[in-house]
Amino acid sequence: MKYIVLGAGPAGLVVANRLKQLGKDSVIVLECGREAGGLCRSSVVDNAPFDIGGGHFLDADNIKAVNFLFKYMPAEEWDLYERDSRILINGYFINSPVEANIWQMGLDEQIEYLKSIAIAGCNLGHKMPNRFIDWIDWKLGKKIASEYMLPYNKKMFADELNELGTYWLDKLPNVSFEETLRSCLTHRACGKQPGHARFYYPKKYGFGEVWIRMADSIRSCIYYGTRAQSIDFIEKKVKTTDGEIYSADIIISTIPWREFKELKGMPNNLITSILKLKHSSIETRYFAENMDTQAQWIYYPDQRLPYHRILVRHNFCPHSKGYWTETRKERTPMFSSNSGETFTYVNEYAYPLNTIEKPAVMKNLLGWCEKHQVYGLGRWGEHQHYNSDVVVNLASSLAERL
């Protein structure tokens with residue numbers, strides 16, 4: 001083949017479809033599962049969609065990605081929502097982000113948060129620290145750090161937060177004392193709002209439906225139940241667990257690098273560095289009862305609760321009920337034996353961890369691979385915490401570049 005794509009998640013599906021659109025017919029996709037979609041797959045639970053990988057939404061403001069996906073699932077099949085996400089903190093359900101909505105707390109709490117933000121290191125001009133925990137204090141103030149950001153990140157990503165780097169946190173806006181004060185005085189959110197402020201979700205299906213349709217458009221190119229286990233960088237060959245061998249001029253991998261049993265021709269130092277890449281595993285768990293809230297999702301920093309986030313299904317998925325939780329796998333034993341769930345699913349590869357070593361590892365790894373016509377792409381090929389709409393644009397751009 002001209003192109004072999006490893007994995008039929010969003011990255012693999014988009015790059016393969018875009019290559020076909022550009023007139024490249026010599027393309028195959030190897031997918032270990034029986035269905036396309038990767039982390040964005042959906043199932044049917046309690047007669048309504050359930051997104052097994054957690055909460056997935058299409059950012060309405062990413063126009064390029066929206067237009068691409070609407071070719072496979074037209075606009076009239078999506079509902080458009082204004083984001084309503086909340087945080088349960090100090091007994092208050094407030095809107096996200098914290099700093100723009102502390103006015104929804106009591107007056108005493110507002111004063112304490114304002115005092116903390118006023119003396120945050122970034123607002124006083126202090127030097128930016130290198131350790132994750134210190135950086136959060138410096139950026140947000142000790143009160144937001146200790147009551148929300150640090151416990152939430154610990155629940156979602158890792159018990160040892162100082163294993164994480166700070167290079168990925170620059171996207172967080174500065175917590176301005178003036179804007180926070182203005183929010184408290186005017187009782188409205190001021191400053192930069194979080195992503196997915198407006199989002200699309202399918203009217204009749206789960207988020208996985210758009211990827212199923214994309215896979216159907218190239219069904220003859222996808223080999224399901226075919227797990228790649230090794231890459232030969234010298235011969236440009238991929239070997240599968242059932243002993244089949246596929247060769248190509250260009251290999252595009254969207255699967256986790258740690259899943260390969262052999263990387264023939266790759267220097268040992270790069271192979272060893274892959275072992276430094278870390279990830280978190282997430283369980284999704286469905287509960288049938290409705291929640292008394294208008295929020296689509298809610299964040300829970302409270303360490304006594306096992307889950308870090310709840311997706312309120314009946315507030316974004318028409319004709320459905322209930323909610324599902326997202327919980328880091330290590331915390332699932334905290335659920336009681338009679339917790340009332342009716343369905344659970346574990347995603348071994350859920351979130352790439354932004355550890356201190358990761359940027360250097362991935363720069364060297366991807367740079368070397370590209371010289372040998374092998375390209376890492378997407379959340380796992382690049383080991384980046386990308387949303388699916390970002391992956392759509394990255395995969396389209398790679399196909400056009402190739």
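Where is Asn315 found? In this predicted model, Asn315 is found in the loop between E18 and E19, and the views below begin at that residue.

**View 1. Asn315 in the loop between strands E18 and E19.** With a relative accessible area of 16%, Asn315 is buried, because the limit for that class is under 20%. Beyond its neighbours within four places in sequence, Asn315 is in contact with Tyr81, Thr293, Gln294, Ala295 and Gln296. Asn315 is separated from Asn62 by 253 residues in sequence and by 22 Å in space, taken from C-alpha to C-alpha.

**View 2. His319, a residue with positive phi in the loop between E18 and E19.** Although His319 is not a glycine, its phi is positive, at about 60 degrees. The relative accessible area of His319 is 82%, and the residue is therefore exposed.

**View 3. The contact between helices H1 and H13.** Helix H1 spans residues 10-21 and helix H13 spans residues 388-401; their axes come within 8 Å and cross at roughly 40 degrees. The two helices are therefore oblique to each other, and the crossing of H1 past H13 is right-handed. On the H1 side the contact is made by Pro10, Ala11, Val14, Val15, Arg18 and Leu19; on the H13 side, by Val391, Val392, Ala395, Ser396, Leu398, Ala399 and Glu400. Sorted by class, these comprise 10 nonpolar, 1 polar and 2 charged residues.

**View 4. Trp211 and the largest nonpolar core.** This core has 91 residues, and those with the most contacts inside it are Val15, Ile136, Trp211 and Phe316. Helix H7 (residues 142-156) supplies the largest share of the core, 7 residues. Residues up to four places away in sequence being left out, Trp211 touches Pro10, Leu13, Val14, Ala36, Gly37, Cys40, Leu69, Ser388 and Val392. Another core, of 26 residues, lies apart from the largest one and includes Ile231, Tyr246, Leu263 and Leu365.

**View 5. The buried residues of helix H2.** In helix H2 (residues 63-70), the buried residues are Ala65, Val66, Phe68, Leu69 and Phe70. They pack against three helices and three strands: H1, helix H9 (209-216) and H13, together with strand E5 (58-59), strand E6 (78-82) and strand E9 (198-202). Among these buried residues, Leu69 is also touched by Trp211.

**View 6. His308 and Thr327, two buried residues in contact.** His308 lies in the loop between strand E17 (297-299) and strand E18 (309-311), whereas Thr327 is found in strand E19 (residues 323-328). His308 counts as buried because its relative accessibility is 0%; Thr327 is likewise buried, with a relative accessible area of 0%. Sequence neighbours up to four places away excluded, His308 touches Tyr152, Lys155, Met156, Ile282, Ile298, Tyr299, Tyr300, Glu326, Thr327 and Arg328. With its own neighbours within four places left aside, Thr327 is in contact with Ser281, Ile282, Glu283, Pro306, Tyr307, His308, Thr332 and Phe335. Ile282 appears in both lists.

**View 7. The cis peptide bond from Ser96 to Pro97.** Omega for this bond is near 0 degrees. Pro97 has its place in the loop between strand E8 (92-95) and helix H3 (98-101).

**View 8. Asp46 in the loop between strands E3 and E4.** The loop that holds Asp46 runs between strand E3 (42-45) and strand E4 (48-51). Asp46 is not a glycine, yet its phi is positive, at about 55 degrees. At 33% relative accessibility, Asp46 counts as partly exposed.

Conventions
Residues numbered from 1 in each chain as written. Predicted model: local features only at pLDDT ≥ 70, side-chain atom pairs only at ≥ 80, totals over all residues. Heavy atoms only, no water. Axes fitted to C-alpha atoms, helices over the stretch in contact; angles between N-to-C directions. Helix = DSSP H or I, 4+ residues; strand = E, 2+ residues; numbered from the N terminus. Parallel < 35°, antiparallel > 145°, perpendicular 65-115°, else oblique. Left-handed = near helix turned anticlockwise from the far one by under 90°. Contact = heavy atoms within 4.5 Å. Nonpolar A, V, L, I, M, F, W, Y, C, P; charged D, E, K, R; others polar. Core = buried A, V, L, I, M, F, W, Y, C linked by side-chain atoms within 4.5 Å. Buried < 20%, exposed > 50% of the residue type's maximum accessible area, 1.4 Å probe, protein only.
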